[in-house]
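Okay, everyone, thanks for coming. I'd like to talk about how the chains in this one meet, so let's get it up on the screen.

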4 protein chains.
Amino acid sequence: MPLTGEEIAKHNSRESCWVIVHGKAYDVTEFLPEHPGGPKIILKYAGKDATEEYEPIHPPDTLDKFLDHSKHLGEVDMSTVEKEEKEESAEEIERQERIKRMPILEQCYNLMDFEAVARNVMKKTAWAYYSSGADDEITMRENHSAFHKIWFRPRILVDVEKIDFTTTMLGTKCDIPFYVTATALGKLGHHEGEVLLTRAAKKHNVVQMIPTLASCSFDEIMDAAEGDQVQWMQLYVNKDREITKKIVQHAEKRGCKGLFITVDAPQLGRREKDMRSKFTDTGSNVQAGSQTDNSQGAARAISSFIDPSLSWKDIPWFQSITKMPIILKGVQRVEDVIRAIEVGVQGVVLSNHGGRQLDFARSGIEVLAEVMPVLRERGWENRIEIFVDGGVRRATDIIKALCLGAKGVGIGRPFLYSMSAYGQPGVDRAMQLLKDEMEMGMRLIGCSSIDQLNPTLVDTRGLSMHTISVPSDTLGLSVYDPLISPKEKAKL
Amino acid sequence: MPLTGEEIAKHNSRESCWVIVHGKAYDVTEFLPEHPGGPKIILKYAGKDATEEYEPIHPPDTLDKFLDHSKHLGEVDMSTVEKEEKEESAEEIERQERIKRMPILEQCYNLMDFEAVARNVMKKTAWAYYSSGADDEITMRENHSAFHKIWFRPRILVDVEKIDFTTTMLGTKCDIPFYVTATALGKLGHHEGEVLLTRAAKKHNVVQMIPTLASCSFDEIMDAAEGDQVQWMQLYVNKDREITKKIVQHAEKRGCKGLFITVDAPQLGRREKDMRSKFTDTGSNVQAGSQTDNSQGAARAISSFIDPSLSWKDIPWFQSITKMPIILKGVQRVEDVIRAIEVGVQGVVLSNHGGRQLDFARSGIEVLAEVMPVLRERGWENRIEIFVDGGVRRATDIIKALCLGAKGVGIGRPFLYSMSAYGQPGVDRAMQLLKDEMEMGMRLIGCSSIDQLNPTLVDTRGLSMHTISVPSDTLGLSVYDPLISPKEKAKL
Amino acid sequence: MPLTGEEIAKHNSRESCWVIVHGKAYDVTEFLPEHPGGPKIILKYAGKDATEEYEPIHPPDTLDKFLDHSKHLGEVDMSTVEKEEKEESAEEIERQERIKRMPILEQCYNLMDFEAVARNVMKKTAWAYYSSGADDEITMRENHSAFHKIWFRPRILVDVEKIDFTTTMLGTKCDIPFYVTATALGKLGHHEGEVLLTRAAKKHNVVQMIPTLASCSFDEIMDAAEGDQVQWMQLYVNKDREITKKIVQHAEKRGCKGLFITVDAPQLGRREKDMRSKFTDTGSNVQAGSQTDNSQGAARAISSFIDPSLSWKDIPWFQSITKMPIILKGVQRVEDVIRAIEVGVQGVVLSNHGGRQLDFARSGIEVLAEVMPVLRERGWENRIEIFVDGGVRRATDIIKALCLGAKGVGIGRPFLYSMSAYGQPGVDRAMQLLKDEMEMGMRLIGCSSIDQLNPTLVDTRGLSMHTISVPSDTLGLSVYDPLISPKEKAKL
Amino acid sequence: MPLTGEEIAKHNSRESCWVIVHGKAYDVTEFLPEHPGGPKIILKYAGKDATEEYEPIHPPDTLDKFLDHSKHLGEVDMSTVEKEEKEESAEEIERQERIKRMPILEQCYNLMDFEAVARNVMKKTAWAYYSSGADDEITMRENHSAFHKIWFRPRILVDVEKIDFTTTMLGTKCDIPFYVTATALGKLGHHEGEVLLTRAAKKHNVVQMIPTLASCSFDEIMDAAEGDQVQWMQLYVNKDREITKKIVQHAEKRGCKGLFITVDAPQLGRREKDMRSKFTDTGSNVQAGSQTDNSQGAARAISSFIDPSLSWKDIPWFQSITKMPIILKGVQRVEDVIRAIEVGVQGVVLSNHGGRQLDFARSGIEVLAEVMPVLRERGWENRIEIFVDGGVRRATDIIKALCLGAKGVGIGRPFLYSMSAYGQPGVDRAMQLLKDEMEMGMRLIGCSSIDQLNPTLVDTRGLSMHTISVPSDTLGLSVYDPLISPKEKAKL
């Protein structure tokens, strides 16, 4: 016999705290102090249906994995649960207004345009989670701005009638040298989540990297693939290596073609824009006081399993449990690229985690400009595949990375923004725009195929100084949402 | 018997689409899908008189060349054509107001001033076409900003009572070392179009380069020249070499003194400011939807004939069909200047097409600073004439280019702006201001003639870093019309 | 028999000027011309109770030390002193309003946030005193901005499960490599003054440096320490060396563990923001005129005892009078670090006095980058402990300093701001935030202990140019209170 | 018998044009086309009293020198001249309001403060003349900004109790190493003109350089000197060498101690801010049209006598006609300093004429950094006295120049601004502030006398790049009056 709303509503305190998720009740009283997101946010839903808040930030199998089965209280008769009349906030009403006045999709001419629209129409907390970076967001912004310090030295009078910018990454033929990189919590932006990106990747024949912290489950995302569509897996390594082993071998069995081990996130970053957005959300319930505030944003909440002790000596073990190519994601200096080659992994991603981890980490593209001359001097440039992510917004950015020696680039946020604003047609158009730009860019730089791209086509003299490049990046700067200082309380 | 308006008005659909241009009717039904500017814009005028929209962006001989003669339906009795009462838009009314309050011509003290005025009084679409650049318009702005990174090392105590800044380009004596470079669609800015520039060039004894994509026909522009006035020809190479040959040999026969082959535009650029301006124009008819939008601005519409396969091996053919000096327009690195000398052309223009093609291409003046030391080392500096265009706004810019080794500079947009704002008196004053500045600049740098200009007179140490130069370029920055993100729909 | 208010009120002129401080009367008539802060400010309180104005800017023992005992008139019967009904200024009323709307402490996520709040809620004159710097405040701002020109080269795949960032400075074990550096006049920001910082330092196990110009007396601050808490002493050297000797030997006897001799302040700086704030305060009484205005801000007022003749030849004398380690505070170039080693002091602080002394002095962190390679070349890097202060706002700043070779960093203003805005809980949170950031930063740079920090982990190529680093420092720039030109008088 | 106003009023046309100046009538009909300022401005006063407009921009002896005596019509009975009721413009009324609300003098804490006040209270045309520079005013602003790229490397622990910053320039002992450099048209800013600066220079024992284009006559300025006060003479060389000779020998006879020959102004600069200000002034009378506008600002009007043929071969002649030391003012590169030494002149001023001549000329301080190492290499550093002017606003700027090798610096505009805003007390305070800052600066850099200043005390690594220095120059940027594009006519 299912539980009733009335029954559950009694357990609405720290002493006894039940919540409903997807029509089932759970006793989380003992779990409260362990909740990575802090107890406050759960207590807000004590005795109530928490599904809407819970859904986008917990993959479907979370409760099975982390809450002892004795605490699974079973089905609830949802007709007996009181529907909360949520009064729409003034903020939400304004957002709905903005959604009505959204530009139509055809008005987006480049990837920054989607960001401008998304900023206007996304829920504030979702926007804060996607758009935030570490500390002062210096590295996050540097990622794109570094590309502005690289200039072209185009060739002329080359036959560019037929342009072929297909390429191969880790053995997979792709239509264009980018892949959809792993980003967490896709359902914050769109109710379908990551599977939407799977379908868009299929349409444009590019690879999708599946995130560990997806809103959809791993299998849902694999299932969404069609035909011979290729997917890779991004892995946060669990402290419990048995769990890790199970995950990796399951991925390989399901057909994953690459294992990208994240190595730049022993602890997930503090993102103050995200924290500030959270605060305002729940702040009204909080009495002024000095107790430490643990709510450090969404990702922190679900990442406590990550193993900060992961080290080079773990790599052979990974090589022993899978035949997938292993790629280290988040390498940030040439010394570590050399070591990666020495330990025999198949690739590295020069990345700073989208500027979400260590502020003042250099951009992947700058690290690439440091790495390749050293590898070429050793004759090692073909012993590993090098990818770059962070800040890619234009096909010219992709071309710059390939000129400098990258095999391909990862793109993340722009697809989240196009998905959040326009759903799958948005992602589709974003990818198509990159292809249009790519054709143009290849022609104008005087190359008809990817293998012709080479370092003499770029001028990187200004790259290492980290000074302002000029002219300014009009669109890029205007879509950046600046950090702010704490706000005063509203005037009464 | 001429056709009647009534008859034509029946053919107002995609199934049967007739339009009137300059008093003649044309059946463009089958041409619709081929129209480089997309079918939408034609359908707007289906069954109606399209002359006003058609005129500035199609040279007079377009219909003869591109529409089969069987579709030329003949004369229309224009008295039977219903005059559309065009309701003037609020925007247009405001523009007319701004025109009434225009500053008088004498208030323009420099070339930027014309741009400030033109931005205020030009039609939005015309402004968008002239003022736009590729992608983020970084290169477009860099063109002028690069000059700000070059500083003078003037000589003192040189007798500069008599200043002579006449010079010779490709054998032609000019009053001042600039020429009017080729820019498309002159009638967008002024109803007379390019012939107005011809007359101004005559008055100031400078060379005009005739654009392939002029609003006036080639012969109209040649006819407008007087006496021994010299003109050059800018050429987009047609896929059909016979057409190209006919054009080139006709130009030579008409007396053109130089053939400038554009080599930086195998495909015409995507200019988002122009696209965005177009969109708003016709957007009211468009239902929200996801179909691809092909209207990529005016120039794209009339440029599909350009041959992207043009390459170095075509150069001997050009040398075989004409005796005009051949100049490659759009060279962007020293390697290609060397090759140009080796294949025996007479000149190169270091140019990035006014920042309208490849964004992050370097400025012509920066490339010049790279090129000349290499040529001098080989003793090749006199084997070719080197021109620079892009961003020239002050006589000091001209002097900088000549100090670094250029033979002359091309100036484009400033004359379009002065023409659009004030007609021929505007262009006249713009040229006169440059001459006044030139006299002053020569005196103050301590040189009484062009041949005294040399590299020791400039300090280019800051040029290659692409960082912000200081102090800021007050006027230049204030007249730049920044890119914007897509706009929300108007509030109802 | 105590004096009465009535009696004192008679002495309200330049001819006879009595004031009350802490319930006692003083005849300051003859002292007026000698008052370092000028006579004006005293005359404002002639015949009245001056305690509130006097308190924060004079340590308790000032009157004993500087006013001849014959002028100490004895106890006042305070019940007979007329209470001035101070009309609250519009400005003060607005400030009280802002205090009511202060963000709660948990909304401060970083050290800049405290500054933003403090700027809003502090008294204008207190804010002006704490926040001001020399001349154009270029050096003051450079101090933080210099850190933005240093980028990380993090290591990956290092076991960072256990992070230990304790360290040792001058033999004292500290929880984290910063100390609370000496800053003057703590009671301007909080009525408890420096002892509040003593308690916070104890809680976080860091060292406090006691300022010569404290609002609390030296002994009050020593007394506030608990257990084995370590304190250092900052010394402005008195012209009268006997006084200096007494002070130093008293400090040693009381248990001070380090003597930091300030060497960058032979004369205390002119801080125009502070002067301008003072002016407006008392300006209403001033008739327009050309006499020199001596009120050069608070610190100037109490610093006339400082000896500008202090020189290297004084160092042996200091070494003869104390066994405390001697550290020179305010060293600014490598030549002087070398000399410091040669004369045998135990440490130097590379510092420019928080940008309050010589404008265009370089930042401590830049000087560090100059110093260490020279010391390493000589093998002298372990012969002295090197500290840095100025501009430290993030744990990443601390890590950068330690990578470059510093033993620890001093932090001053951020603790004043957190104290002024939130009292001790504010300072506590500020220190805790630094510890949280430190743990994160150590993990992300790939180091589990302080001794692993080394120069290969940072990229300082852009440091020496003093050009704008990009991306911009959003928070840092927004909390800076810009200098302004003199204001017009209010409109009547 | 004196002329009557009635009589004169008849001659109010181009055909017969009489004007009154200082109570005397002049027939300027034939002079109209020759007037360097154009005929328009004279015609405005045809038949009327022109004294007020004439006064500040013509030295007293102008009419005697330039108008044939037959055209001097003699005394006018001023009681018969109709007083024009000048309706005060809205602009002037607002200015008078701003004057009433002026900050009092004591609120000016630095030289920029005077500029901020002057901008508010000066007549628009006077402000435009003083504050304007050439073209984009890049060089004018670079002059101060260059100092911001030089940083200090101060010494510590030097006995700086007694500071002596007196020095000697061209044999004259000065209290502080600056001189009042020559600036034109002092009466535009203050009715007393240059003699006011003479008195201030006396008071502070600094040298004044007398400008050729002064509002006061040369003798008036010499007469204003007291005791052994030293003055120098700035010379624009007249085409008629006899006149030049007379002027120079007169100056020597009167006791001038230095002849500064301006070598950077063969033609006086075009200053668009000044031109634009003029335009608005007289624009109301002008019908729109295309005739060339000759009114190029005040200085141009009175400078047509300057000889552009002046060259190195004239120097021996100067040496033959005077025993005064000869100094070339406006030298801009090391090659010309070397030549100056070779021809045996006594000094050079590294200067770009306050940014009023050639835009993109480098700052004097940058040229100094180029010059001195070359001279030192040759052992020539003592063979000539080197001065710098342009952009000096702080004593730290003076110290930087002296560290790099200058003998002294010239300061111009700041004294004009302080004079215009506050009269002599303003100039007095400006000079006193510099002395106060100088004492502080010497102490803080660790030098007790001028001869201790040396290049190791400064860090100039960022100087040559011409990029933005950081942090920004808050006051300097806020007092700069930006150039603007032409304004629309006022709305009716």
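When I say two residues are in contact, I mean that their C-beta atoms, placed from the backbone, lie within 7 Å. Quick housekeeping: this is a predicted model, where local features need pLDDT of at least 70 and side-chain atom pairs count only at pLDDT 80 or more, while totals for chains, interfaces and linings use all residues. Residues are numbered from 1 along each chain as its sequence is written, and chains are lettered from A, with ligands numbered from 1, in the order in which they are written.

Right, B against D. Chain B puts 49 residues into that contact and chain D puts in 48. On the chain B side, the elements giving two or more residues are α6 (111–121), β4 (151–152), α18 (413–445) and α19 (474–479); helices (H or I, at least four residues) and strands (E, at least two) are DSSP runs, numbered from the N terminus. The top contributor there is α18(B), with five residues. By class, that side of chain B splits into 26 nonpolar, nine polar and 14 charged. For the classes, Ala, Val, Leu, Ile, Met, Phe, Trp, Tyr, Cys and Pro are nonpolar, Asp, Glu, Lys and Arg are charged, and the others, Gly among them, are polar.

Now, how do B and D relate? Superposing by least squares on C-alpha atoms of residues with pLDDT of at least 70 in both, chain B lands on chain D with an RMSD of 0.1 Å, after a turn of 90 degrees and a shift of 0.0 Å along the axis. So the two copies are related as by a four-fold rotation axis. And only 6% of chain B's interface residues are also interface residues in chain D, so the copies meet through different surfaces.
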